[in-house]
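Please take a moment to look over the sequence and the 3D view. The report below walks through them step by step.

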Amino acid sequence: MTAPHAWTPAEGSLREILQKYPEPLNALASGEVPAIVLRRAFNPDHCVGLIERLYERGLVYDPRPTEDNEKSNRPVYVGPAFVRYSADPDKLFTYAADTHELFKSLFNGYDNPVKIFYEMLSCLAAPDKRVMTAREPDGRLYGPAVFRAYYADRGHGPHFDSVPKRQKLFNYQVSRFEHQFAGVMCFQNSENKGENGEPFLYNCPWTPAVQEYITAGTFNQYVAEQGIPRTQIQLEPGDLYFFFSENIHEVPPVVGEKPRIVLAAFFGMSPDDDEIFVWS
Ligand SMILES: O=C(O)CCC(=O)C(=O)O
Ligand SMILES: [Fe+2]
C-alpha cells in the first residue's frame, strides 16, 4: 500500500489559477489537478433569492412523500438530465427548449448564474475555443444547465460521466469530444456537511477494470489498497468548481432536512475542436 500523495484543487482568482495552470482543462484531464474552484463566482445573496423563487414556482420541492421517489436516490431536477432522456430525443430537446425559455426570465432581478458559469468556463478554456450550449447540426439545443436539489439520502455513488465511454450514444453530438468535464455551482449546502452531501473526486479515470470494483461495491476498498488520492470539494453558496467527470467521483448522500442545491452542467472538449459544448 502506498501513501496517497496530495492532490489539491486549484483555488484563487482566475489570474492566479491561469498563472499556475495555463491550460486548466488539460490539467484537469491529465489528473494534474483534481478541480478548479472559483470561490464566490456567483453572489451568495442571489443564491438565497433564487432558491426562494424555485420553491415559490414549485420547481424545487421535497420529493420524499411520493412513492415513486422513495425508490430512487435521485435529486429533484430543474432542467433536463441528458442521461435520463437520451432514449427519447424528442422529449430531451423539448424539455431543453422549455428550460431555455424558463431561464430567460427565471433570474430576472438577479445575476444570471448560467451566464456566469459559461463566462468562467470561457476564461479557463484555450483562447481559440468557443464555449456554447451543445447543439445538433439541425440547431436543436441541449439543456443549458440544470438545478439539482438533493434531499436526505440523495446523492451519487462512485461513478463517471462520459457520453462516448459510458452511454456510448454516438448519435448525439455531445459524444464527439475527447474529454468530458462537469461544473457545479453551489446554491445551498445541506446541514450536515463533512462526509455527507459534498463531492469526493478520485484520481482515478474510469476503466473497465475499475468498473468491476464499482459494480462489486468494493471501489472504496480498491482506493484504499491502491493508495489512490482523493479530495473532497467543500463549497459555500456561490462557489463554482470544474472537474474531469471521467475520473470516478461521488456525492455521499445528504443527511438532514436541508437539501443541497446546485446548478450543474457537463461540457466536452477536444484538443482539435474549436468548440466546447456545454449541456445538462
Ligand atoms: O454535485 C456534484 O458536486 C457532482 C455531481 C456529479 O456527479 C456530476 O455533476 O457529475
Ligand atoms: Fe457525475
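## Strand β12 and its partners

β12 pairs with strand β13 (residues 275-279) in the antiparallel sense, over three bridges; two strands count as paired if DSSP finds at least two bridges between them. Helices (H or I, at least four residues) and strands (E, at least two) are DSSP runs, numbered from the N terminus. Across this pairing, G268 stands opposite F277 in β13. The link from β12 to β13 is a hairpin through five residues.

This is a predicted model, in which local features need pLDDT of at least 70 and side-chain atom pairs count only at pLDDT 80 or more, while totals for chains, interfaces and linings use all residues. Residues are numbered from 1 along each chain as its sequence is written, and chains are lettered from A and ligands numbered from 1 in the order in which they are written.

β12 has other antiparallel partners too. Nine bridges connect β7 with β12, and Q188 has I261 as its bridge partner in β12. With β5, β12 shares five bridges in an antiparallel arrangement; here Y150 is partnered by R260 of β12.

## Are the faces of β12 buried or exposed?

In a regular strand the side chains alternate between the two faces of the sheet. On one side of β12 we find R260, V262, A264, F266 and G268, and on the other I261, L263, A265, F267 and M269; all of them are buried. A residue is buried if 20 or more other C-beta atoms lie within 10 Å of its own, exposed if 12 or fewer, and partly exposed in between, with C-beta atoms placed from the backbone. In short, ten of the ten residues of β12 are buried.

## Strand β11

Now turn to β11, where four of five residues are buried. It runs antiparallel to β6, and two bridges join them. You can look for H159, whose bridge partner in β11 is H249.

β11 also pairs with strand β8 (residues 200-205), again in the antiparallel sense, over three bridges. In that pairing, P205 is matched with N247 of β11.

## Around ligand 1

Which residues surround ligand 1? They are H156, D161, A182, V184, P199, S245, H249, V251, V262 and A264. A residue is near a molecule if its C-beta atom, placed from the backbone, lies within 6 Å of it. Two or more residues of this shell come from each of β7 (179-188), β11 (247-251) and β12 (260-269).

By type, the shell has six nonpolar residues, three polar and one charged. For this count Ala, Val, Leu, Ile, Met, Phe, Trp, Tyr, Cys and Pro are nonpolar, Asp, Glu, Lys and Arg are charged, and the others, Gly among them, are polar.

## Two backbone angles to look at

Most residues other than glycine have a negative phi, and most peptide bonds are trans. R40 is not a glycine, yet its phi is positive, about 55°. R40 sits in the loop between β2 (35-38) and α3 (44-56), and it counts as exposed because it has 11 C-beta neighbours inside 10 Å.

D153 is another residue other than glycine with a positive phi, near 75°. Its place is the loop between β5 (146-150) and β6 (156-159). D153 has 12 other C-beta atoms within 10 Å, so it is exposed.

## Helices α3 and α9

How far apart are the end C-alpha atoms of α3? They are 19 Å apart, which agrees with the 18 Å expected for 13 residues at 1.5 Å a residue; the expected span is 1.5 Å times one less than the number of residues. After α3 comes G58, with a positive phi near 75°.

V210 belongs to helix α9 (residues 208-216). With 20 other C-beta atoms within 10 Å, V210 is buried. Leaving aside its neighbours within four places in sequence, V210 is in contact with C204 and I248, where contact means C-beta atoms, placed from the backbone, within 7 Å.

## The whole chain

The chain has ten helices and 13 strands. Of its 280 residues, 37% count as buried. Its radius of gyration is 18 Å, which agrees with the value near 19 Å for a compact globule of 280 residues; this radius is taken over C-alpha atoms, and the globule rule is 2.2 Å times the number of residues to the power 0.38.

Notes: Two residues are in contact if their C-beta atoms, placed from the backbone, lie within 7 Å.
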